[in-house]
Amino acid sequence: MEPVTLTTDRLLLRPPAPRDTETVLAAVQDPDILRWTTIPSPYLVEHAQSFTEQLSPAGWANDTMFTWGLFLPAHLPEGEELVGMLGLTMRAPGTAEIGYWATKAHRGNGYVTEAVLAASRWACTELSIDRVEWRAEVGNQPSRAVAERAGFVIEGVLRSGIAHQGVRRDCWVGSLLPSDLGLPSTAQYLPAPR
């Protein structure tokens, strides 16, 4: 698939490009990003180069991972400024997993929630996704808060659900369905009786 750019009321979501390598490298030095994400630690220039020059373009090209840098638009007084990163990784037919981080200077402004909603809507309408999954290590309250504000239903804890820095860890899991966004599903959904 050709890379897609999305816009929201406040953000430009565009695939990261080689010109963003230094910006991504600087942002990911934040200990909170390294603590809660599966990004390599320490994060070196070769990691940032691989991400912007190879991983992100390859994900778009082979329809396996759709990554956006979250930017304040260039027409604003600050100019184009990175506020975070978001990716949708295909996990199974009709299912994608979402992951995200925010730069320290822009946390708490609702930017990531806005981007999560935009990317999830796009996935449901353009990729026929019927389930967007979110996972985060138990204890990552900021990620959980974003997921809940975006409408994800927290479904529970997966024991040993993620690997982070060579250690298996428990993770929260949640989902956002097209119906949560007021959109139709591509396949009929029959919830379990309550």
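Asn140 touches Trp36 and Trp172, leaving aside residues up to four places away in sequence. This is a predicted model, so take Asn140 as a place to start looking around in it. The residue sits in the loop between strand E6 (131–137) and helix H5 (141–149). Its relative accessible area is just 8%, and because the cut-off for buried is under 20%, Asn140 counts as buried. There's a polar partner here too: a polar atom of the Asn140 side chain lies 3.2 Å from the backbone nitrogen of Ser143.

Now for the chain as a whole. It has 5 helices and 8 strands, and if you walk along the sequence they come in the pattern β-β-α-α-α-β-β-β-α-β-α-β-β. The radius of gyration is 16 Å, close to the 16 Å that the globule rule gives for 194 residues, so the chain is as compact as a globular protein of that length. Along the principal axes, the C-alpha trace spans about 50 × 40 × 35 Å.

How much of the chain is buried? Buried residues account for 46% of the 194. As for contacts between residues at least 6 apart in sequence, 59% of them join residues at least 24 apart. On the outside, the accessible surface comes to about 10,000 Å², and carbon and sulfur atoms own 54% of that. The chain carries 16 positive and 22 negative charges, and the mean positions of the two sets are 8 Å apart.

A few backbone spots deserve a look. Going from Ser41 to Pro42, the peptide bond is cis, with omega near 0°. Pro42 belongs to the loop between helix H2 (31–36) and helix H3 (45–61).

Then there are two serines with positive phi, Ser128 and Ser160. Here they are side by side:

| Residue | Phi | Location | Relative accessibility |
|---|---|---|---|
| Ser128 | near 55° | loop between helix H4 (111–126) and E6 | 36%, partly exposed |
| Ser160 | about 55° | strand E7 (residues 153–164) | 33%, partly exposed |

Neither residue is a glycine. Where do you find Ser160, in a loop or in a strand? Ser160 is in strand E7, whereas Ser128 falls in the loop between H4 and E6. On the exposure side, Ser128 counts as partly exposed at 36%, and Ser160 does as well at 33%.

Definitions and conventions: Residues numbered from 1 in each chain as written. Predicted model: local features only at pLDDT ≥ 70, side-chain atom pairs only at ≥ 80, totals over all residues. Heavy atoms only, no water. Helix = DSSP H or I, 4+ residues; strand = E, 2+ residues; numbered from the N terminus. Buried < 20%, exposed > 50% of the residue type's maximum accessible area, 1.4 Å probe, protein only. Polar contact = N/O pair within 3.5 Å; in protein donor to acceptor, adjacent residues only side chain to side chain. Contact = heavy atoms within 4.5 Å. Rg over C-alpha atoms; globule rule 2.2 N^0.38 Å. Areas by Shrake-Rupley, 256 points an atom, 1.4 Å probe, with all protein chains shown as cover. Lys, Arg positive; Asp, Glu negative; His and termini not counted. Charge placed at Lys NZ, Arg CZ, Asp CG, Glu CD.
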